[in-house]
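Ready for a few worked exercises in reading a structure? Open it in your favourite viewer and try each task before you look at the solution.

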Amino acid sequence: MIAKIIVDISTMQTNKTFDYEIPEELKDVVSKGVRVEVPFGRRKIQGFVDSVVEQTDFSGKLKPISNLIDVEPVLNDEMLELSKWIADQTYSFRISSLKTMLPNVMRAKYHQIAIVKDEMLNQDGLFVDGQVEVTDKLSNDELLKIKRYKTQGKIEIVYSVENRAKKKTVVAVKNSHSVDELIQLKENNRKKKAQVKVIDYFISNPKNIIAITELAKLINVSTSAINATVEAKIFEKLQLETYRSPQNNYAEQEQKDYELTSEQTKAINQITDKIKTSQSETFLIEGVTGSGKTEVYLNTIQNALDEGKTALMLVPEISLTPQMVSRVSQRFQSKVAVLHSGLSNGEKYDEWRRIERGEAQVVVGARSAIFAPLDDLGIIIIDEEHESSYKQDENPRYHARDVAIWRGKYNHCPVVLGSATPSLESRARAQKNVYQLIKMPKRVNDNPLPPVDIIDMRDLNNAAKTGDFSESLINALDTTIKNDEQAVLLLNKRGYSAFLMCRECGFVFKCPNCDVSLTVHKDHNILKCHYCGFESQMPTSCPNCQSDKLRSHGTGTQKIQEQLSEIFPDAGILRMDVDTTSRKGAHSKILNQFAQKKAQILLGTQMIAKGLDFPDVTLVGVINADTTLAISDFRASERTFQLLTQVSGRAGRADKSGRVIIQTYNPEHYAIQLAAKHDYEDFYQHEMFIRHRSDYPPFYYATQITISHQYENKALKKAFEIKNFFDQQFNDEVIILGPTPAMIARVKNKYYYQIMLKYKNQQIVHEVLTQLLIETQKDINDGFKISIDSDPQ
Ligand code: ADP
Ligand code: ZN
Ligand code: ZN
């Protein structure tokens, strides 16, 4: 028997299967989807068995598989198939897409071991049993010695693969006596009070196997008392496999039993029909904030479970949508597995195993949860489907929405995309009946959407009255606080202020590694680069003219917080941005405090725009609506509209009515005007007109090619070579833009140039780009990085 294996080396040359002989002793266990260790050149590396066949086309002698890493397959047929599709779609290697699908701990870690060939070396204390592991724990002298022995041919270096996917076990006790025997044992030991308690427990539960620590807590004895019963040979100890249960610190929510609205019922029926008849339809729910979409998701998940199927739900980022996760968890309890970036690698692996073994039937998670190994999917839901975080921004650059639709087809199940502000691409597909559109235009209970005031900050009567606040916003905040209600304030810029400038000569402090100015962070008194993480102490004088008249410009969340506490000294203010939420559990802590009304104002970056549902929030303020508009991206208007609509939706969700105040320097801009009217449809029409006029998606497909190198001239030259290649390959149906410097031309001391392709015929472009991928392989060794990003976000 022969195994066709994808080896763990990411190069074009190895982007195919290699044939290996399956040794006799491994015949029964090597199957499709298991990981093995194989010899490759002089090394031993990890490989994935793609298939098992009887014949090989290889004429030479096949090498045998050295070791088995998994006893059971870690990838099923669906995942193996899917990995091929992803590799092709995203111009990446099979091995990268396979590794992307698995929990981190299953990515191989290699050990280097030096093995003595020359017996004489055994005198050297460095080697134990004729070998030593080469790690950075060795001293430099020892490493040099190994290098010398290597060149002298006295040792051999071998690589071995470590399986880091370790199962966690706990020590447990079990009983093998009959109850009568136990009663006798109790009698014999009656003086030992604690041990009697243990025996009593097993008299009531003779068949149980229970972790020692758990039993100790349960019957209130010490673990040593339990151990004593083991030593006395009354009970037996054993290792029990267990899961690292991720701690769930979301606030409990009241479970309400509502009568579904007719809109909800209609949506649920339409989707459930496809679940029951196993059809792979894609639905787009365009439902205003508070229209009860979540309730639709939960009901359809229930219906899939009732059919004996499983359900997968994606949310943009778990820590930002804790209320959604807790609603799903509460509804489906132990059936739910949650996958997110906050889990440790071990916890992720355990959740993955629960899913893989069929112990969890409902999975909620962020982007990569789309690869959850659920069997027999009945429904896939993507909430906030317009979010750009569903696209991975490194190789393989897959979009979870596309993967969802692929899996929907494979499993013959519906896919539900939901949003108050669908992406133009999805909405356009619904227009053409590629997706089925479900509109939910009303809030449950017919609550109106909150009225929005746009404040023109160019008007001197508004601007800079009190720091960055207009009078209207101050007054509204004041009323809110007096009424014992709550406010949410959005400013999509973290830090204290955007940049530091010398007032004498105009010098701006910039990052030494990137083409961006450094952001002022007052709490730690530093300047920080948000792109590479560079930090420096706050300077006291200008390096150009030595003046000490330095002044910070622009506003960030830190500065707003400072201003707020001056204006409202008695109000509780919480800040939520990357800087206040870097520690594990920080998000939910802030949200819980706000839920318990320990603060009246929640201030934050776009993190606060999503999913929050607090009944006492009656005011939403946007400090500066222009931050997202200013970005040079054809989606700038769409992003602005989405953000404003989303954050406005936080106001007046329960019985109390709400209001929204947007401060802006672009009050006439259609994205802001239409967000204020909560008019998605009008925005969609307007934006489609603009995209049509300038040949952008969804009318054209787009792919971006980015070329980077340490030396600017090299990057530029290569970019032009690629452009010339495109000129030869494409006729004028493909629009080629660039090369131009990337939005930030230098990041981490590398120069970035980009070329954008816009086209209607996917087939031709796909072929040419695949050819480009092959031909640019050799450039990698010269320090180039060339990335192909189709449907760039
Ligand atoms: P969306 O996800 O569309 O923003 P939600 O599902 O969060 O909306 O619903 C908004 C609020 O209305 C929530 O507090 C939810 O508990 C409540 N809700 C949902 N469906 C109903 C219903 N049929 N009757 C009453 N309240 C409902
Ligand atoms: Zn100066
Ligand atoms: Zn930098």
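The exercises below deal with a predicted model and cover helix packing, ligand contacts and backbone geometry.

**Exercise 1. Describe how helix 1 packs against helix 2, and find which residues make the contact.**

Solution. Start with a reminder: two packed helices are described by the angle between their axes and the distance between the axes.
- Step 1: helix 1 spans residues 77–90 and helix 2 spans residues 94–101; their axes come within 8 Å and cross at roughly 125°.
- Step 2: turn the angle into a word. Angles of 65 to 115 degrees count as roughly perpendicular and those over 145 as roughly antiparallel; helix 1 and helix 2 are therefore oblique to each other.
- Step 3: for the handedness, helix 1 passes helix 2 in a right-handed crossing.
- Step 4: list the partners. Helix 1 contributes Met-79, Leu-80, Leu-82, Ser-83, Lys-84, Ile-86 and Ala-87, which meet Arg-94, Ser-97, Leu-98 and Met-101 of helix 2.
- Step 5: sort them by class, and the contact of helix 1 with helix 2 has 7 nonpolar, 2 polar and 2 charged residues.

**Exercise 2. Repeat the analysis for helix 13 and helix 19: at what angle do they pack?**

Solution.
- Step 1: helix 13 (residues 424–431) and helix 19 (residues 680–693) pack at about 100°, and their axes are 11 Å apart.
- Step 2: the range for roughly perpendicular is 65 to 115 degrees, so helix 13 and helix 19 are roughly perpendicular to each other.
- Step 3: on the helix 13 side, the contact uses Leu-424, Arg-427, Ala-428 and Gln-431, while helix 19 supplies Tyr-680, Glu-681, Phe-683, Tyr-684, Glu-687, Met-688 and Arg-691.
- Step 4: by class, the residues of this contact of helix 13 with helix 19 divide into 6 nonpolar, 1 polar and 4 charged.

**Exercise 3. Work out which residues of helix 20 meet helix 21.**

Solution.
- Step 1: the axes of helix 20 (residues 712–729) and helix 21 (residues 762–775) come within 11 Å and cross at roughly 145°.
- Step 2: helix 20 passes helix 21 in a right-handed crossing.
- Step 3: Ile-722, Phe-725, Phe-726 and Gln-729 of helix 20 meet Val-768, Leu-769, Gln-771, Leu-772 and Glu-775 of helix 21.
- Step 4: the contact of helix 20 with helix 21 has 6 nonpolar, 2 polar and 1 charged residues by class.

**Exercise 4. Find the residues that come nearest to ligand 1, then look at its oxygen atoms.**

Solution.
- Step 1: there are 18 residues around ligand 1, and Tyr-258, Gln-264, Gly-290, Thr-294 and Asp-613 come nearest.
- Step 2: Thr-294 has a polar side-chain atom 2.8 Å from an oxygen atom of ligand 1.
- Step 3: Arg-327 places an N or O atom of its side chain 3.0 Å from an oxygen atom of ligand 1.
- Step 4: with Gly-292, the backbone takes part, as one of its polar atoms is 3.1 Å from an oxygen atom of ligand 1.

**Exercise 5. Where do Pro-396, Pro-739 and Asp-484 lie, and what is the backbone geometry there?**

Solution. Most residues other than glycine have a negative phi, and most peptide bonds are trans.
- Step 1: the peptide bond from Asn-395 to Pro-396 is cis, with omega near -10°. Pro-396 sits in the loop between strand 16 (377–383) and helix 12 (400–411).
- Step 2: from Gly-738 to Pro-739 the peptide bond is cis, with omega near 10°, and Pro-739 belongs to strand 31 (residues 735–747).
- Step 3: Asp-484 is not a glycine, yet it has a positive phi of about 60°. Its place is the loop between helix 14 (471–482) and strand 20 (486–490).

Technical notes. Residues numbered from 1 in each chain as written. Chains lettered and ligands numbered in written order. Predicted model: local features only at pLDDT ≥ 70, side-chain atom pairs only at ≥ 80, totals over all residues. Heavy atoms only, no water. Axes fitted to C-alpha atoms, helices over the stretch in contact; angles between N-to-C directions. Helix = DSSP H or I, 4+ residues; strand = E, 2+ residues; numbered from the N terminus. Parallel < 35°, antiparallel > 145°, perpendicular 65-115°, else oblique. Left-handed = near helix turned anticlockwise from the far one by under 90°. Contact = heavy atoms within 4.5 Å. Nonpolar A, V, L, I, M, F, W, Y, C, P; charged D, E, K, R; others polar. Near = heavy atom within 4 Å. Polar contact = N/O pair within 3.5 Å; in protein donor to acceptor, adjacent residues only side chain to side chain.
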